[in-house]
Structure formats: C-alpha cells, structure tokens
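Me: I am new to this structure and would like a close look at one part of it, the pairing of oppositely charged side chains. Please take me through it slowly, saying where the partners sit and how open to the surroundings they are.

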Amino acid sequence: MTTDVDYTKYWGLQTLPFDNVPDPRFYVPCTQHDTAYQWLSYGIQTRKGMLLLTGDIGCGKTLLSRRLIGGLSPAQYDIALVANPALSPSELLDEVLSQFGLDPVRSKARRLQQLNERLQLNAQRGISSVLIVDEAQAIERVKGFEELRLLTNFQLNDRYLLTVVLIGQPELRHRVANIPQLNQRIAVRAHLGPFTAEETTSYMKARMGIATHRTDVFTKEAVAAIYEQTQGIGRLINALCDQCLFAGSLENMVEIDDRLVQRVGQCR
Ligand SMILES: Nc1ncnc2c1ncn2[C@@H]1O[C@H](COP(=O)(O)OP(=O)(O)OP(=O)(O)O)[C@@H](O)[C@H]1O
Ligand SMILES: [Mg+2]
C-alpha cells in the first residue's frame with residue numbers, strides 16, 4: 001500500500017512493518033509460541049481427541065492456528081476451521097459440516113451420519129481429520145460445547161477419528177473447567193501470554209527487520225516505553241508502533257524516542 005500519507009518512504013521501509021494481521025509469514029519466533037505450537041502439533045499428529053489453546057486477547061492465538069494449519073499437509077490432514085462459533089448448538093454443527101465441505105441436511109441424525117462417513121473415509125485413506133474452533137469462548141451455550149464433545153465419540157477401537165482444537169480467550173479455560181466431561185477429555189493444553197520486556201524488544205526488532213536494515217528508528221528508551229504502554233500484547237505493540245512511525249513522519253523526526261511514544265500513547 002502506497003498513499004500520500006504512507007510513512008514507508010519517509011523511514012525508508014520496504015513494507016509496513018507492524019501490519020496487524022495474523023499472517024504466518026510475519027511470525028516472530030519466541031519460546032512460549034514455539035512451545036505451544038509444539039504441544040498442539042504433537043496433539044494433532046498423535047490424533048488426540050481434544051486440545052485447548054487459550055491466551056490473552058491479542059497475544060497471537062489466531063496467528064498460531066494459521067501456522068498450525070499451514071504446517072499440516074493437505075495430503076495427510078482434512079482440516080475444518082470454524083472462525084465464528086457464536087451460534088446456536090445446531091447452527092454450530094451445521095457450520096462444522098459446512099467447513100468440512102459437506103452439504104447441509106435437515107435431520108441431526110443424518111448430519112452426524114454424514115460427518116461420520118467422512119471421518120471414516122479419511123481414516124481409511126490414512127488422512128487425519130481436524131476441527132479447529134477459534135474464538136471458542138463465544139460459543140453461546142454449554143450445549144454448544146456438548147455438541148463438540150460428542151464429536152470426539154467418533155472413534156475406532158484404537159484411535160479418535162476427529163481431533164477438536166478449541167482456541168479462545170482466558171475465560172474459555174473457566175468455561176471448559178465447569179464442564180467436567182469436556183475438561184477431562186482435553187489431552188493437550190497450551191497458553192499464550194504477553195511478551196516479556198526482552199521479547200518485546202526482539203519482536204520489534206524482528207518486525208522492523210522485515211521492512212528495513214535500519215536498526216536505529218526506535219531508540220532503546222522508546223522500546224521500553226512501548227513495552228510499558230502495551231504490557232507486551234502483540235496487537236497493541238503493532239498499533240502503537242504503527243502510530244509512532246506515522247506521527248514521527250508527520251513531525252519530521254529522525255528517530256522515534258520515548259517522548260513521542262508517550263505523546264502518541266496518550267492520544268490513543
Ligand atoms: N509471535 C508473533 N509473531 C508475529 N506477530 C505476532 C506474534 N504474536 C502476536 N503477533 C501479532 O499480534 C496480533 C494479534 O494476534 P492474533 O490475532 O493472533 O491474537 P489473538 O490471540 O487471536 O487475539 P484475540 O483474542 O482478539 O482473538 C497479530 O496481528 C500479529 O501481528
Ligand atoms: Mg484471535
């Protein structure tokens with residue numbers, strides 16, 4: 001994107017470094033994200049029934065889910081992603097079918113039968129079936145969770161036919177904990193918190209590194225101020241850095257210092 005108000009030219013950047021999109025190409029490695037990825041990959045590859053990824057708002061859960069999906073070969077995995085599960089229990093089941101590319105049918109028994117047939121066929125072909133539900137804290141009723149739990153009843157003698165990955169904000173953990181029959185089925189749990197101060201520094205360096213070789217745009221004090229204002233939350237870091245780069249270009253600054261960060265932060 002290049003417009004008159006675009007700051008990339010001003011700072012000599014090849015692209016916008018802090019675009020707030022969960023694009024796996026811009027993933028910045030960090031220990032807790034890598035660990036969560038490894039746990040979830042393990043759960044999927046060993047065909048566990050149910051996995052849970054929770055994390056603070058804006059800390060990278062959706063990005064992690066996209067990395068997971070990108071890392072699973074379509075020849076070996078049949079993946080359905082439900083991105084908006086704020087639905088009634090029956091609509092949720094419909095959405096699961098639709099995301100597996102199955103036609104909608106009226107009766108619930110027929111829907112379950114259709115899904116079972118698909119999972120069985122996948123298993124016969126050596127393909128694992130995975131259902132990822134993002135924003136699962138938005139599932140309206142306990143009954144919605146119950147529908148998802150019942151899907152893990154599709155099993156052969158020795159393995160689950162479907163791995164369900166629930167992803168959501170911290171309250172998801174509490175909702176799941178209040179449904180013991182669901183909670184007990186969670187085979188793998190992972191959690192993403194905010195970046196530490198050190199991780200924030202590495203994160204900003206890496207994101208800037210995508211766009212430029214310059215390492216002197218944000219002063220050390222500015223990076224510290226950004227951590228203080230955002231508490232290490234990825235989405236907030238992106239937004240504040242983006243605003244600082246824009247404000248700095250408007251004010252003809254040669255670098256972004258902590259005073260600019262404070263000023264921009266106060267206007268937000
Ligand atoms: N390790 C990382 N590498 C690169 N970008 C990251 C990383 N972690 C977080 N981000 C950035 O943070 C932003 C928010 O991430 P994401 O949308 O995945 O958060 P979320 O946990 O799903 O939030 P919500 O709770 O609102 O659904 C993304 O746009 C992404 O740019
Ligand atoms: Mg998300």
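Reply: A good place to begin is Glu147, which counts as buried in this predicted model, with a relative accessibility of 8% (buried means under 20% relative accessible area, exposed over 50% and partly exposed in between, with a 1.4 Å probe and protein chains only). Residues are numbered from 1 along each chain as its sequence is written, while chains are lettered from A and ligands numbered from 1 in the order in which they are written. The model being predicted, local features need pLDDT of at least 70, side-chain atom pairs count only at pLDDT 80 or more, and totals for chains, interfaces and linings use all residues, with side-chain values resting on heavy atoms and leaving out hydrogens and water.

The partner of Glu147 is Lys108, and the two form a salt bridge in which the closest N and O atoms are 2.8 Å apart (a side-chain nitrogen of Lys or Arg within 4 Å of a carboxyl oxygen of Asp or Glu). Because Glu147 belongs to helix α6, residues 142-151, and Lys108 to helix α5, their pairing ties together parts that are 39 residues apart in sequence (helices, H or I with at least four residues, and strands, E with at least two, are DSSP runs numbered from the N terminus). Lys108 is partly exposed, having a relative accessible area of 37%, whereas Glu147 is buried.

Helix α5, which spans residues 108-124, also holds Arg118, whose side chain meets that of Asp78 in a salt bridge with an N to O distance of 2.9 Å. This pair likewise joins distant parts of the chain, since Asp78 lies in strand β2, residues 77-82, and is 40 residues away from Arg118. With a relative accessible area of 16%, Asp78 is buried.

A further salt bridge brings together Asp257 and Arg259, whose closest N and O atoms lie 3.0 Å apart. The two partners fall into opposite classes of accessibility, for Asp257 counts as buried at 11%, while Arg259 counts as exposed at 61%.

These pairs, Glu147 with Lys108, Arg118 with Asp78 and Asp257 with Arg259, are among the 8 salt bridges that a search of the whole structure finds. In each of them the acidic partner is buried, as the values for Glu147, Asp78 and Asp257 show.
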